[in-house]
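User: Please take a close look at one part of this model, a small piece of its strand pairing, and then set that part in the context of the chain around it.

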Amino acid sequence: MIKNSLLEKRLKSYSALAVGVLALGGAASGQVVYTDIDPDFLADADGLSYELDLNNDGTIDFTINRSAGTAGAAIRMSAGSGNEVLGAISYGVYFLPYALSEGDAINDAQTLWNGTMNNNHLTLAWGSTYGYWTDDLTDKYLGLRIVVDSDTFYGWARMDVTAGGTSFTIKDYAFESTAGEGILAGNTSSAVSANLITDLTVADVANNGNGSDLQADFNRPTDESTVSEYRIMVVDSANVAGFDLAAAEAVASANYTVVSIISKGDVTLTFDAAATDVNGNAIAEDVPYKVFVLSMADGTNATANALSDPSDQITLENTAGISILESNINMYSFGETLVVNSKNMELRNALITIYDISGRQVYNAELISDEVRIQLNKQSSQFYLVKINTQKGDFVKKIYLK
Ligand SMILES: [Ca+2]
Ligand SMILES: [Ca+2]
Ligand SMILES: [Ca+2]
């Protein structure tokens, strides 16, 4: 049953293993490992089978066989544990692998995967009766995925078949070595990724207790031709560990903010009051967040999306009229009175200067005690910028006086 060509193939597979491992080690992301079957393997008689080791690790992942069926010849395949093929269910009990065309997507967006139906016999061709591989076909693709140590890898195998399930020829195969990342049928090199944004920063810019307090600032990539849009995503820091490209791609559209590429220049985005985190929870104070930007591929110059690194963590705080403690300087307000004090006498001989929202200096004095109360005459509630220059350093805080 095992022909010389298969033994040769296996030897090639083991040598390909070393190449594959090297490729994995050197790849930051997006590395397709391609294996040519040379010569192509032809199964044109009952009992011939091809054992496909998609990732060349010595473990057979799929077996494709040419057998005798009740409807004449048949081509069927079985899958190793956890491995699956892209296809469709027929009559509720049979699974028929698709004959994909070059460029068809093979990824986690497809839901019709199976590896076990009909007692692990997946049917490519049952005579001329059942299956997507019953006609004469050239250069069609099986969509494959395998599980290795609980990671999923996507790949394809290219085949020709003759009508009625009388023969199949398997020519080559490939898999994407980045776990979870899809592949296009026939692709032998990695998809080009959309360009990433740079210099992502976040800030707390208001005290509304919602998304409008949060601002994200980033620079667009110099070359935006690979990008169709940016999706700005707020992630609860508790969930950041599992937030990868696949997770970002799966976020519902209601739970991120889109920045289009139509408006040029670098981006300063203040989120909507109704904005949520990626799980749909309203953005709130006192919850640590990190922000990500997903660059969506334009589909022509790039076909893979790309996720930025997370921003620094930010926890929105309500700084309106409440105590602020920083560098041992305590500052709080009530009515028109601003109270500044220090635990460790840093304020002795410090200079305090207060500016209003327009930048006008409204108060300036040297502090002679550890606590000072400043009465500000003002027309309406507003923010003030308080600057304190001490011997140990300078301290600046925005404060809201009612
Ligand atoms: Ca394998
Ligand atoms: Ca070949
Ligand atoms: Ca705030």
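Analyst: In this predicted model, a convenient place to begin is A216, whose bridge partner in strand β18 is L269. The pairing to look at is that of β18 with strand β15, which covers residues 214-219, and these two strands run antiparallel to each other over 4 bridges. In general, the strands of a sheet pair through backbone hydrogen bonds, in either a parallel or an antiparallel sense. The two strands belong to an open sheet of 3 strands, ordered β14-β15-β18, in which the pairing is antiparallel. Its edges are formed by β14 (198-204) and β18 (267-270), each of which pairs on one side only, and from one strand to the next the twist averages 15 degrees.

Turning to the wider chain, the protein has 402 residues, 35% of which count as buried, and its secondary structure comprises 3 helices and 29 strands. Of the contacts between residues at least 6 apart in sequence, 65% join residues at least 24 apart.

The nonpolar cores complete the picture. The largest has 46 residues, among which I64, I75, L144, W156, A157, I170 and I183 touch the most other members; strand β11 (residues 151-162) gives the most to this core, namely 6 residues. If neighbours within four places in sequence are left aside, I64 is in contact with S49, Y50, L52, I75, M77, F168 and I170. A second core, separate from that one, has 31 residues, including M233, Y256, A302 and L307.

Notes. Residues are numbered from 1 along each chain as its sequence is written. Chains are lettered from A and ligands numbered from 1 in the order in which they are written. This is a predicted model: local features need pLDDT of at least 70, side-chain atom pairs count only at pLDDT 80 or more; totals for chains, interfaces and linings use all residues. A nonpolar core is a set of buried Ala, Val, Leu, Ile, Met, Phe, Trp, Tyr and Cys residues joined through C-beta atoms within 7 Å. A residue is buried if 20 or more other C-beta atoms lie within 10 Å of its own, exposed if 12 or fewer, and partly exposed in between; C-beta atoms are placed from the backbone. Two residues are in contact if their C-beta atoms, placed from the backbone, lie within 7 Å. Two strands pair if DSSP finds at least two bridges between them. Axes are lines fitted to C-alpha atoms, for helices over the stretch in contact, and angles run from 0 to 180 degrees between N-to-C directions.
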